[in-house]
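Work through the exercises below with the model open. Try each task before you read its solution.

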Amino acid sequence: MSGPDFGFLGQRAGFQIAESWLAASADDSFAWLIAAGLLNTLTVLLLAGVGATLGGTVLGLARLWRQPLVRRLLDGLVELLRNTPVLLQLFLWYSLLLKLPPLREAWHPLPGLWLSNRGLAVPALHLAEGSDWGLVLEWPQLQGLGLSGGWLLSPELAALVWGLAVFHATYLSDIVRSAVLSVPLGPVQAARALGMRPATVARCVVLPLALRSAWPPYANQCLALLKNSTLALAIGYQDLMAILNTTITQTGRALEGILLAAVFYLGLSGLLAATVAWHNQRANRHGWLAGSMARLSQLDGPLPLSAHALWGRPLQALLNAGVLLGLACGLVLGVQWAVWGAVWSGPASACEGVSAACWAVLDANHPLLLWGTVPAPQRLQAALACAGLLGLAALWVLPSPHLGWRVRACGSASLAALIAAVLCGLWPGGQPLPTADWGGLLVTLFLAEAALLLALPLAGLLAWARRGGRGPARVLALALIEGPRAMPLVVQLLLVSFWGPLLWPEASGSNKFWWALAVLVLHTAAQLAEVLRGALQALPASQWQTALALGLRPRQAFASIVWPQARRLAAPAALGVFVGAVKDTSLVMVIGLFDVLHAAKAVLADTGWRAHDLEVYGAVAVLYLLLCCPLSALARRLARDVGVR
């Protein structure tokens with residue numbers, strides 16, 4: 001195989017970009033179109049980053065409000081959004097945008113904003129010769145058959161920006177809430193004693209101290225937003241990754257294209273991390289105040305849904321009555337759409353002209369949604385394997401005082417052997433089910449659980465090598481941790497899908513499944529390794545020294561003293577990584593694997609069912625909620641246990 005050759009960058013591209021700040025046409029070079037795609041990526045990052053920051057701040061402060069009903073509703077909304085894949089949310093927002101009225105009937109909710117199935121029109125600055133400053137603010141206005149002035153964001157860009165902003169705002173709300181609650185109580189009480197107003201205390205005392213705690217996790221969310229921006233490839237927006245993917249398809253230069261993607265995203269990640277680290281250093285340059293460790297979290301106790309808490313004061317009662325009335329109206333409308341007027345069975349023609357849900361799309365296409373490309377005679381075999389995978393997950397997620405880790409480990413080994421026997425067809429007359437025929441629920445469950453089970457031991461080795469290893473072992477661990485964490489998962493999946501056949505030409509197409517699994521394992525292990533390393537660093541050094549002073553060998557000290565404590569401290573954050581790993585399985589559709597989300601797209605490819613994407617995506621969202629919510633609940637319970645003890 002010859003070395004990289006980037007001479008194709010100067011060649012004529014032969015395709016054009018539908019939406020770009022740069023004037024790019026099919027006659028321009030690949031390099032120019034890639035630059036236009038990079039500018040589109042930066043546009044998404046800027047708009048979604050600002051939206052996520054503002055939305056996360058407002059949502060985080062609202063979740064601190066001492067209103068039990070409002071707080072529980074907001075917490076439920078956050079859990080709903082955080083436990084469904086961001087790619088699924090992008091598909092849902094995109095489909096909802098396409099259902100909006102046409103441009104002549106566009107919604108006009110605020111001055112200067114027009115929303116239609118053509119996208120979102122907003123005011124924009126433009127160069128003008130007659131202006132003293134050279135810039136004028138143009139407002140979009142309806143003229144004839146279209147809009148004039150302003151900036152029209154296409155449905156793809158609007159869905160991408162809105163979806164990423166909403167998804168990351170839920171995580172930023174937790175960061176804002178935790179940062180405020182971590183502020184020391186002493187300075188706040190001193191400011192109040194000096195007679196400062198609450199607004200002044202919040203601006204001059206709480207905000208500067210909260211920023212110190214918020215900067216590091218905020219940097220992580222900025223990096224996550226950068227990596228999730230590559231999902232523009234899945235909804236048709238031509239960002240950097242989409243342009244590179246088209247370039248690879250036309251030129252066949254997979255090695256060079258993926259190298260460019262890796263360099264660009266690693267460079268952007270490094271620049272973003274360095275910028276936020278500089279701000280973090282400035283915010284913490286004076287260090288923490290000495291004195292009492294009491295925090296504002298001590299003032300944020302539990303809020304029971306009691307009669308006094310809901311109706312104790314007039315304004316509180318009025319607010320809660322309005323919230324409950326809105327919930328009741330929404331519930332009635334939802335039941336009317338989903339149950340009373342719904343169509344439950346029949347062909348696509350039975351749903352024509354019906355303004356309610358068409359659940360017939362699920363009834364007619366449930367074999368494709370559940371099993372994808374699995375042959376009909378072997379669907380029972382796939383169902384048995386899925387039942388075993390669900391039992392394996394329940395063995396570890398369901399709380400039980402009678403199930404120790406040894407019982408769970410033995411049960412897991414037995415179920416894993418049973419699943420392998422079912423998939424290999426190890427019974428009289430049985431036939432193996434090759435991975436090339438896997439699809440639907442089997443792909444999602446197998447990738448999620450196999451990635452987690454294989455990532456756990458690898459994460460332990462990487463954490464140990466980075467923390468206590470020497471020489472090449474530490475350098476290798478650092479590369480295997482920071483590389484997958486900095487590079488978008490979509491880029492990693494495309495990398496192995498393109499490079500795998502080049503490095504191993506004898507590999508068949510069915511091995512794409514195992515390439516994807518390897519990427520998910522390494523990506524999950526890299527995140528778990530940092531969680532474990534942080535837990536090990538949180539333990540006092542006296543624990544290790546005391547164990548050695550008592551005559552324990554280093555291996556015994558680690559196994560008996562250090563590891564049990566570190567495992568308990570790391571459990572809540574590790575379960576958060578597990579939830580992310582389950583949602584990450586939805587990204588394998590970008591390389592052609594037929595998971596549940598890919599099966600949903602295949603159902604909606606039928607013109608008869610295309611109008612009922614809300615029902616199909618809603619069913620997929622319920623599936624992911626059933627998989628992720630138990631893990632999230634277990635993480636919260638373990639976090640409370642660690643905090644109490």
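**Exercise 1. Overall build**

How many helices and how many strands are there in the protein? Then judge the overall build.

*Solution.* The model is a predicted one.
Step 1: count the elements. The protein has 22 helices and seven strands.
Step 2: compare the radius of gyration with the globule rule. The radius is 27 Å, and the rule gives 26 Å for 645 residues, so the protein is as compact as a globular protein of that length.
Step 3: take the box along the principal axes. The C-alpha atoms fill roughly 85 × 80 × 60 Å.
Step 4: look at burial and contacts. Of the 645 residues, 43% count as buried. Among contacts with a separation of 6 or more, 69% are between residues 24 or more positions apart.

**Exercise 2. The disulfide**

Find which cysteines a disulfide joins, and state its handedness.

*Solution.*
Step 1: recall the bond type. A disulfide is a covalent bond between the sulfur atoms of two cysteines.
Step 2: find the pair. The structure holds one disulfide. Cys351 is joined to Cys358, with an S to S distance of 1.9 Å. That fits the cut-off, within 2.5 Å.
Step 3: read the torsion. About the S-S bond of Cys351 and Cys358 it is about 60°, so the disulfide is right-handed.
Step 4: check the surroundings. Buried means under 20% relative accessible area. Cys351 has 4%, so Cys351 is buried. Cys358 has 1%, so Cys358 is buried too.

**Exercise 3. Other cysteines**

Explain why the sulfur of Cys629 is not bonded to the closest cysteine sulfur. Then classify the accessibility of Cys629 and Cys329.

*Solution.*
Step 1: find the partner candidate. The closest cysteine sulfur to that of Cys629 is in Cys628.
Step 2: check the distance. The gap is 7.1 Å, which is too far for a bond.
Step 3: classify. Cys629 has 32% relative accessibility and counts as partly exposed. Cys329, at 43%, also counts as partly exposed.

**Exercise 4. The cavity**

Locate the largest cavity and describe its lining.

*Solution.*
Step 1: search. The whole structure yields one cavity of 30 Å³ or more. The largest cavity has a volume of about 30 Å³.
Step 2: list the lining. His523, Thr524, Gln527, Val577, Gly580, Ala581 and Asp584 line the largest cavity.
Step 3: assign helices. H18 (512–538) and H20 (554–584) each supply at least two lining residues. H20 gives the most, with four residues.
Step 4: sort by character. The lining divides into two nonpolar, four polar and one charged residue.

Notes: Residues are numbered from 1 along each chain as its sequence is written. This is a predicted model: local features need pLDDT of at least 70, side-chain atom pairs count only at pLDDT 80 or more; totals for chains, interfaces and linings use all residues. Side-chain values use heavy atoms; hydrogens and water are left out. Buried means under 20% relative accessible area, exposed over 50%, partly exposed in between (1.4 Å probe, protein chains only). On a 1 Å grid over the protein atoms alone, a cavity is a set of points where a 1.4 Å probe fits but cannot get out, and a pocket is an open set with protein on both sides within 12 Å along at least five of seven lines; lining residues have an atom within 4 Å of a point. Grid points are joined across faces, edges and corners, and a volume is the space filled by probe spheres set on the points. Ala, Val, Leu, Ile, Met, Phe, Trp, Tyr, Cys and Pro count as nonpolar, Asp, Glu, Lys and Arg as charged, and the others, Gly among them, as polar. The radius of gyration is taken over C-alpha atoms; the globule rule is 2.2 Å times the number of residues to the power 0.38. Contact means heavy atoms within 4.5 Å.
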